[in-house]
Each structure stands twice: as structure tokens, then as C-alpha cells.
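Notebook open, coffee ready. I want to get the overall layout down before I pick out any details.

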Amino acid sequence: MPNAFEKKAGFPSSTPSSLIPQPESLTDVAVMLREAAEALSRFGATHERTNSGDSTSSAEECESCPLEDGYKRGEFHAEMRCFHVPSNIVEREYELLRQHKLEDFCSLVNMIYEDLLTTVMLMQRIDDGADFTGFELHLISENLSRPLKILNILCSQLADFELVEKTAVPA
């Protein structure tokens, strides 16, 4: 069953394996994971989240407001964004922070990035001709699945954020 992020992003509930790109080597996998880790890092560093796509939100009503007109002209200013976050999402966020003994959301995103980057860096240093046992591949997949599971939870939670208000911050 797809999570909220997959539904809003338009992902199919079950993707046939023929549609999933199959890397030819561990180096290819490492490159794909590095790209994903870098995208995650950029996300965590900017702290910005756009509207989740809800057609009744105030962000869509503001499509022709001065802020949006400025964006169209290439003018970007600091903004204050207010989101409505359902209580179950807040509870899950604090539960994740407690589980991982972290203080804030950015630390959690950074932890995911560091886990993915470490695995990628190790994989990039493996010879292309190296033979792997099933156990070794299982260990690599376990190292990748931990941060990806947390990332999936975070993406699902972010998809449920509802933009309530967006205003320019005076310079």
C-alpha cells in the first residue's frame, strides 16, 4: 500500500521490477546513492518545503500575489512560511527523534545523509571486478535500507504538511 508521499507524488502502489532501472555494477549503485544523498543534503540545508499540492490551500490562492509575481520576475526574498502539521505527524517526528537520540529535524535529515554517504563512499572504493557473496550483498542492502526506511517516513510526513501562510520578511 502506498504511503502519503507516494500517493501525492503520483507513484504507483506497486512498481514492476522491469520499470526500475537496474544498475550494472556497484559503482553505478554508488553514483545513484550519492546523487540521492546530495539531494537529501540540499533539502535539509535549505529548510524549505513547497505546498503539498492541496487544491484548497492558501498557497494556490496566492498564485497572483506580489510574492509569486516577484518569483516570476526572478526576484527572491526571505519568506516566513507557516504550516499546519497534523498531531499524528508531530508525534511521529518526536518518536523518531527519541529513537535516534537527536534534538531536531535537521539532525535527523543529516543522519540519513551521513548514512547514505558512508555506504556510497565504501562502495566506490570496491574494485569493479570484486566478487561478492550473498552475505556481503545482504550487509550492503541492510546498510542502505536503514536510512532509506527513515527517509521514506520523513517524506510521507512532509507530504502531509499544509501551507497555511506565506509572507515576505522585511529586509
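Entry 1, the big picture. I read along the sequence and got the pattern α-α-α-α-β-α-α-α-β for the protein chain. That comes to seven helices and two strands. Note to self: this is a predicted model.

Entry 2, the whole chain. I looked up burial, and 26% of the 171 residues count as buried. Then I checked contacts with a separation of 6 or more: residues 24 or more positions apart account for 81% of them.

Entry 3, helix H6. I picked this one, residues 105-124, for a length check. At 1.5 Å a residue, its 20 residues should span 28 Å, and the end C-alpha atoms are 29 Å apart, so the two agree. I also listed what is buried in H6: Leu108, Val109, Met111, Ile112, Tyr113, Leu116, Leu117, Thr119, Val120 and Met123.

Entry 4, H6 and its partner. How do H6 and H7 pack? I found an angle of about 150° with helix H7, residues 134-159, and the axes are 10 Å apart. Anything over 145 degrees counts as roughly antiparallel, so that is what I wrote down for H6 and H7. Their crossing is left-handed.

Entry 5, who touches whom. From H6, the contact residues include Leu108, Ile112, Asp115 and Thr119. From H7, they include Ile140, Asn143, Pro147 and Leu151. I sorted the residues of this H6 and H7 contact by type and got 15 nonpolar, two polar and one charged. Flipping back to Entry 3, I see that Leu108, Ile112 and Thr119 were on my buried list too.

Conventions
Residues numbered from 1 in each chain as written. Predicted model: local features only at pLDDT ≥ 70, side-chain atom pairs only at ≥ 80, totals over all residues. Heavy atoms only, no water. Expected span 1.5 Å × (residues − 1). Buried < 20%, exposed > 50% of the residue type's maximum accessible area, 1.4 Å probe, protein only. Axes fitted to C-alpha atoms, helices over the stretch in contact; angles between N-to-C directions. Parallel < 35°, antiparallel > 145°, perpendicular 65-115°, else oblique. Left-handed = near helix turned anticlockwise from the far one by under 90°. Contact = heavy atoms within 4.5 Å. Nonpolar A, V, L, I, M, F, W, Y, C, P; charged D, E, K, R; others polar.
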